[in-house]
Amino acid sequence: MIDYRPPYRNAVLAGLGVFLLYVLTLAPSTAMWDASEYIATAHILGIPHPPGNPLFVALARSWSVLLSPLGLPVAVRINLLAATTSAMAAGFYFLVAHRVLWGLLKSEEEDTPGWLPTAGAILAVLLSATAYTVWHQSTVNEKVYTVSVAIIAAVTWLALRWRDRRDDPGSVRYLLWAIYLVALGSTNHLMSVLPLPVLALFVLLVGPGVLLNRTLWTRGVLLGVVGLSFNFFLPIRAAENPVINEGNPTCESLTGAAVAIYTNGQAGCDNLSRVLTRFQYQKPPLTDRQAPFQAQLLNYYQYFEWQWARGLDPSEVPGGPRLPLALLFLFLALWGLWLTWKGDRGAFYYLAGLTVLLSLGLVFYLNFKYGYSLAPEVQDASRHEVRERDYFFLASFGLWGVLAGLGLTGLWRYVAGIFSSPRRFVLAAPVLVLAFVPLGFNWAWASRAGDYATRDWAYDLLMSVEPYGIIFTNGDNDTFPLWYVQEVEGIRKDVTVVVGQYLYTDWYPKQLQELTRPERQRPFLPEQGGGIYQPPENPPSGPIIDLSPEEMDGIRAGTSSREMAIPLGPVVVQYPARTFLDRADQVTLAMIVHSLEERPIYFATPSATLSGLGLEPWSVRQGLAAKLVPRDLEEEQPPEFVQTSPGVGGDWFDVERSLALLEDVYRYRGLTDREVWADRSTLNIPWYFYATAVQLSDAVSRWEEGTEEKIRELREMAEGFYVTAQGGRRAVLPESLPAEGQ
């Protein structure tokens, strides 16, 4: 047994320091991409997209309830979970770095101060916690990965602690804890499983005798079974039909559920298995590379380069001013591994194995398409990822930061050795400025403080819809924020939000039908009318679609053999023979035809669905949304309906409603005074408002006399959005690639 006393108190203090940094830069609300979905599902104990993440949902809900006496908004509470779990990882990495440096100094007979392992561990934590992706993902709960990163860091510490105490009779408990955390963490995300092969190799190399310990096998299997059992949350909760129930992972029998859970979806209940295996994404086998491996490695290097000085260059592409710093920190990290090899061969086996697995191994396993902002010569946008994917390597970059901290400690010690003064470490201290480079250059880019853009955009879009309306969105990214506003803040729950992408599935149209039946339809609240809406005399009397489950299942994509006439109120939309309509198109039309008399129909703009179904001539813009208003376009239009000039789109606007929305209802916090945006989707938000204000000013100019002052106000508003969007420091992509959300 090695006589090493872990500095747990210092580790806690290091974690608290990281936590404070994340609190200072924490998002006050939701954000684009999955943040809104996870906050909403945690709040209502719903089921997010596959694999369902039951551990996260239950953990975040419990966490939110525990923090509720503080009076913090729900979004802040759950964002604090991301900050807390990342800070926990920092605490464990402090212990890991301290143990490695302690072993290094103990193995050498140099006059090195005993406080150096503590100082070096602080450097490791600082570089790990302020790496761009780690920091950026710790200020809002965009993903569930921070929980998995905390598990990876904890398992790393447990492995080293077991190695030190492996001769103790009870040392096997460290491995049992590691096994349980990995199994339980897999119900959060499979990222938690990544340490398992490294742990197995580590045990074989430093203490294979423990494999003969019967307790390890009997209790280890039992703990694995118990940890995986958390997946039973999915069919149990799905059976209760929560408002958000993605994939509907129901199961008719306990046996079928158990088979699905303990075979990871290879058998058992179909719905549950499809969720556990993420069937809806259907990635190709690893032998079928979606891009050349060298292109995938370049994508990883691109993200690695961001970690150390993201704000030094606004461009996403690698090879600019960040390159020297990236190479420097790579050198420091490799030096850190070399120091580990010198001082603690066993720790080297584990850390080197984990580094390779979380970098090269993960690049191979994830099998990404061409990077979102790379390979502009590849013109087909479908061959690129739809967004930057650096968050998948969150654990990798956190570990590289720890290694760089070890290397920086080695550099500090090397420079100090040049001096003969007793104050040699003080004289060498200027090299430590490197530890603060990520802190300085990443702060503005990782911070989400004061960012309400996504929340206010979602609120504004929902408030564009009349009571009991249906709004068809373009995809999940512009749907999740609406879910957040409805489920977490309780605003405009009467609106039915339809995710166009999900209409291809067999479960989603049925869920929408159930959720909009009169007994489950949520009422319009007059106090949420924004001063422009009043409750209708008669709420909807039925669901938004009247097909039977069998009829919905029978809808398939196809080409019509003859002309089709679809009645929409006073008009009939003609589709010529040989028109191709996919499943989502047909389900959308079925919903519109059935609901048009009782429910206003809206589309988020810009809308691919509107143009794809040929319904654009009958759309009328009301602020950010387009309402479907079937009418004879040859007749005189209502006075408030004005068509804009072709130069700004030629859209029809309900001028009176749009003016009321923009002036009296909408909120614009942070949309005219922000320089750095979290991603291109968020940067698109001021562009949406800019385009709306420009178009509306044109419509007002065609509306009636005496509106010059109103036109000037709208153009000033548009200019404010334009300046923000144009100056937003998000890289301009090559012209051959589409921007997110466009």
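**Cavities and salt bridges in a predicted model**

Let me begin with the interior: the count here comes to 4 cavities of 30 Å³ or more, and I should say at once that we are looking at a predicted model. I will take the second largest cavity as my example, and its volume is about 100 Å³. There are 13 residues lining this second largest cavity, and those closest to its centre are Ser86, Ala89, Ser128, Val134 and Val149. If we ask which elements give two or more residues to that lining, they are helix 1 (8-24), helix 4 (74-107), helix 5 (116-130) and helix 17 (394-416), with helix 4 supplying the largest share, 4 residues. As for the character of the lining, 10 of its residues are nonpolar and 3 are polar, while no charged residue takes part.

Let me turn now to the charged side chains, where the structure holds 26 salt bridges, and I would like to walk through three of them.

In one of these, arginine 387 pairs with glutamate 142, and the closest N and O atoms are 2.6 Å apart. Arginine 387 sits in the loop between helix 16 (345-366) and helix 17, whereas glutamate 142 sits in the loop between helix 6 (132-137) and helix 7 (145-164), so this pair ties together parts that are 245 residues apart in sequence. Are these two partners buried or exposed? Arginine 387 counts as buried, at 6% relative accessibility, and glutamate 142 is buried as well, with a relative accessible area of 2%.

Another salt bridge joins the side chains of arginine 522 and glutamate 487, at 2.8 Å from N to O. Here arginine 522 belongs to the loop between helix 22 (508-515) and helix 23 (549-553), and glutamate 487 belongs to helix 21 (residues 480-487), so the parts tied together are 35 residues apart in sequence. Glutamate 487 is buried, its relative accessible area being 7%.

The last pair I will show is lysine 710 with glutamate 713, whose side chains meet in a salt bridge at 3.9 Å, N to O. Both lie in helix 28 (residues 708-727), and because they are 3 residues apart there, about one helical turn separates them. Lysine 710 is partly exposed, with a relative accessible area of 25%, and glutamate 713 also counts as partly exposed, at 33% relative accessibility.

Finally, beyond these pairs, there is a network to point out: Arg99, Arg163, Asp164 and Asp344 are joined into one network by salt bridges that share partners.

How values were computed
Residues are numbered from 1 along each chain as its sequence is written. This is a predicted model: local features need pLDDT of at least 70, side-chain atom pairs count only at pLDDT 80 or more; totals for chains, interfaces and linings use all residues. Side-chain values use heavy atoms; hydrogens and water are left out. On a 1 Å grid over the protein atoms alone, a cavity is a set of points where a 1.4 Å probe fits but cannot get out, and a pocket is an open set with protein on both sides within 12 Å along at least five of seven lines; lining residues have an atom within 4 Å of a point. Grid points are joined across faces, edges and corners, and a volume is the space filled by probe spheres set on the points. Ala, Val, Leu, Ile, Met, Phe, Trp, Tyr, Cys and Pro count as nonpolar, Asp, Glu, Lys and Arg as charged, and the others, Gly among them, as polar. A salt bridge is a side-chain nitrogen of Lys or Arg within 4 Å of a carboxyl oxygen of Asp or Glu. Buried means under 20% relative accessible area, exposed over 50%, partly exposed in between (1.4 Å probe, protein chains only).
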